[in-house]
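Work through the exercises below with the sequence and the model side by side. Each task is followed by its solution.

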Amino acid sequence: MTDTSAAPVFQIQRVYLKEASLEQPNSPDILLQQEQPALDIQLGVAAEPLAEGVYEVTVTCTVTTKIKDKTLYLVEAKQAGIFEVRNLPQEQIGPILGIACPQIIYPYLRGNVADLIQRGGFPPVHLAEINFQGMYDQQLPREGEAAAAAPTVQ
C-alpha cells in the first residue's frame, strides 16, 4: 500500500474578484474631446501565505487613459485566487505562485477589466496575453529569494 499523504498537491480553492474601481475624474467635459487617448497598463503579482500550504495569489491591473494631461478614466482591479500547494520542494513553490497561479487568475482579470471599462461607456480594453515566466524571471536577479516567496512586479 502506497502512502499518499506525501503526494504533491496543487489545487485551486477559489478564484474571485477582490477589488475593482472605475474613476472618470474629468467627466463629462473630457468626453467631448476628439483626441485619441494615451493608454498605460501596469500589472503586478503578489502571493502571501494564508495557512500551512495555502496561499492567496493576486494579480493587480491598473489601466490609465489620458488625453493630454487629463485622465479620461482609471481602472484598478485585483483578481485573486486561493491555492493549496503542499508536499513540493521549496524551490518549486516560488515558480508555482509566481507563474502557474497568475496564469490561472489572469483570464478572469482580463474579462473583468474589459467589462468594467465597457460598462463605463468606453470601448473595451483587451489586455494582452502575459508571459508570467518572463515577469517572474525578471524579478529573480533583482530580489533573489524574496521574489520566489512573494513575487511582485510593477
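Helices (H or I, at least four residues) and strands (E, at least two) are DSSP runs, numbered from the N terminus. The model is predicted, so local features need pLDDT of at least 70 and side-chain atom pairs pLDDT 80 or more, while totals for chains, interfaces and linings use all residues. Residues are numbered from 1 along each chain as its sequence is written, and side-chain values use heavy atoms, leaving out hydrogens and water.

**Exercise 1.** Write down the pattern of helices and strands along the sequence.

Solution. Count the elements: the protein has three helices and four strands. Then read along the sequence, which gives β-β-β-β-α-α-α.

**Exercise 2.** Find the order of the strands in the sheet and name those at its edges.

Solution. Two strands pair if DSSP finds at least two bridges between them. The four strands form an open sheet with antiparallel pairing, in the order E1-E4-E3-E2. Strands E1 (9-23) and E2 (38-51) are at the edges; each has a single partner strand, so one of its sides has no neighbour in the sheet. E1 and E4 (residues 70-86) are joined in the antiparallel sense over 13 bridges. Within E4, Lys-78 lies opposite Glu-19.

**Exercise 3.** Decide whether Cys-61 and Cys-101 are buried or exposed, and count the disulfides.

Solution. Buried means under 20% relative accessible area, exposed over 50%, partly exposed in between (1.4 Å probe, protein chains only). Cys-61 has 0% relative accessibility, so Cys-61 is buried. Cys-101, also at 0%, is buried. A disulfide is a pair of cysteine sulfur atoms within 2.5 Å; the whole structure contains zero.
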